[in-house]
Amino acid sequence: MSIYTANGDKGTTNLVHTKNVSKSDDRIQLVGTIDELSSHLGLIKTMMSEADDIRFIENIQRTLNAVCSGVADPFNREFRTEDDRTGQLEEEISRLEGLFHCPKEENILPGSSRLSAELDIARAVARRAERDLAAVSVKFGADNGAKKYMNRLSDYLYVMARYMETTEQPVQKKEEITPFGGKEAEPVAAVQTPMTDEAVIQEVLKRMGIQGRITLDGAKRLIDKVEQEAKRRGKNAVIAVCGPDGNPVAVHVMDGAFLVSFDVATKKAYTAVAVRMSTKELAVLAQPGGTFFGVDKMDNGKIVIFGGGVPLKVGDTIIGGLGISGGTGEEDHSLAEYGLSILNEVL
């Protein structure tokens, strides 16, 4: 749909019901800012690897298109921004905040990774769009749903930027040399070196189609191997695999496994990813007087502190978590260690 049409060299624009609107008009400024924001979001999509994140950004772009259409055609109810769209933003903000500790805005210096920096730029443009929308509202009126949405959109982009900082590689800084005289020399470009081990691992993961996380096919192969070993040991277990975000990828229930083991196994996988160590190690640190004493009371009871959960790593990269429940903590941990030992084989 065409939102507006330009009038050549006249310096004016036609909206749906209004002709010859000055290009300095607040409505034209708002539409231009939202167009700029959507373009930034388009760049961000090209840098994301998670299909769910990409789809969410695309839904935001569609909503922004509707907001623009509503500015040009304010009497058309088709372009109203419903509360459920704002609700989706709020749900995603809550989900992300549950995965990590989000720092206060005043403590942030944007630019620790390329993707988070792009998200921060989009956040700044979103706030400008919100201010432009407020100006339009004063003069011409505006959809209240759109105002709520734009307010929460900048919050979402801020939280997403901080979350990406926890998963993305940091930006490589230029090295600085300080001579003995005490004065700081001009920055010099870092000498190019061969790819680090971690960079090689990331490239291998990419070519394998893993993209930094275990796939469903990989999880199923791992579960199959662990099940065979469990049978050999005479154990009936639930075997759970989650992604690096803690969300389940696959859960397998062996015949004869305890009913409670389903919940416990998924929590063990989640815990291993959340704390980046085995649940057996966490159990030691969670004892009275330990560093993590009381951690099992956090995160709505999703953290467990008995053996059977391990983070799945390729190099230093956590691609998921494995949780096993069905025996004692030691028995479950031993099976999980076996799963780690054959991880490269199943990938």
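**Exercise 1. Which residue forms a salt bridge with Asp52, and how far apart are the closest N and O atoms?**

Step 1. Asp52 pairs with Arg55, and the closest N and O atoms are 2.2 Å apart. A salt bridge here is a side-chain nitrogen of Lys or Arg within 4 Å of a carboxyl oxygen of Asp or Glu.

Step 2. Asp52 and Arg55 are 3 residues apart in helix H2 (residues 51-72), so about one helical turn separates them. Helices (H or I, at least four residues) and strands (E, at least two) are DSSP runs, numbered from the N terminus.

Step 3. Asp52 is exposed, with a relative accessible area of 53%, while Arg55 is partly exposed at 45%. Buried stands for under 20% relative accessible area, exposed for over 50%, and partly exposed for values in between (1.4 Å probe, protein chains only).

The model is predicted: local features need pLDDT of at least 70 and side-chain atom pairs count only at pLDDT 80 or more, whereas totals for chains, interfaces and linings use all residues. Residues are numbered from 1 along each chain as its sequence is written, and side-chain values use heavy atoms, with hydrogens and water left out.

**Exercise 2. Which residues do Glu90 and Lys225 form salt bridges with?**

Step 1. Glu90 forms a salt bridge with Arg152, with 3.6 Å between the closest N and O atoms. This pair links distant parts of the chain: Glu90 is in helix H3 (residues 83-97) and Arg152 in helix H5 (residues 144-167), 62 residues apart.

Step 2. Both ends of this pair are partly exposed: Glu90 has 36% relative accessibility and Arg152 has 23%.

Step 3. The partner of Lys225 is Glu345, and the closest N and O atoms are 3.3 Å apart. Lys225 lies in helix H7 and Glu345 in helix H11 (residues 343-346), so this salt bridge ties together parts 120 residues apart in sequence.

Step 4. Lys225 is partly exposed, at 27% relative accessible area, and Glu345 is exposed, at 53%.

Step 5. Asp120, Arg123, Arg162 and Glu165 are joined into one network by salt bridges that share partners. The structure holds 23 salt bridges.

**Exercise 3. In what order do the 4 strands of the open sheet stand, and which helix packs on the sheet?**

Step 1. The order is E5-E4-E7-E6, with antiparallel pairing. Two strands pair if DSSP finds at least two bridges between them.

Step 2. Strand E5 (248-253) and strand E6 (309-314) are at the edges; each has a single partner strand, so one side of each has no neighbour in the sheet.

Step 3. On average, neighbouring strands of this sheet are turned by 20 degrees against each other, direction ignored. Axes are lines fitted to C-alpha atoms, for helices over the stretch in contact, and angles run from 0 to 180 degrees between N-to-C directions.

Step 4. Helix H7 (residues 216-232) packs on the sheet and touches strand E4 (238-242), E5, E6 and E7; its direction makes about 25 degrees with that of E5. Contact means heavy atoms within 4.5 Å.

**Exercise 4. How many bridges join E6 to strand E7, and how many join E4 to E5?**

Step 1. E6 and E7 (residues 317-325) are joined by 6 bridges and run antiparallel. Val310 has Leu322 in E7 as its bridge partner.

Step 2. The hairpin of E6 and E7 has 2 residues between the strands, and Gly315 in the turn has a positive phi of about 70 degrees. In E6, 5 of the 6 residues are buried.

Step 3. E4 and E5 also run antiparallel, with 5 bridges between them. Ala240 stands opposite Val251 in E5.

Step 4. The hairpin of E4 and E5 has 5 residues between its strands, and Gly246 takes a positive phi near 90 degrees.

**Exercise 5. Which residues form a nonpolar patch on the surface with Val251?**

Step 1. The other members are Val253 and Phe262, and the three residues together have about 230 Å² of accessible area. Patches are made of residues with over 30% relative accessible area and no salt bridge: like charges are joined within 9 Å, nonpolar side chains (Val, Leu, Ile, Met, Phe, Trp, Tyr) within 5 Å. Accessible areas come from the Shrake-Rupley method with a 1.4 Å probe; for residues, only the protein chains shown count as cover.

Step 2. Phe262 lies in helix H8 (residues 261-275). With 41% relative accessibility, Phe262 is partly exposed.
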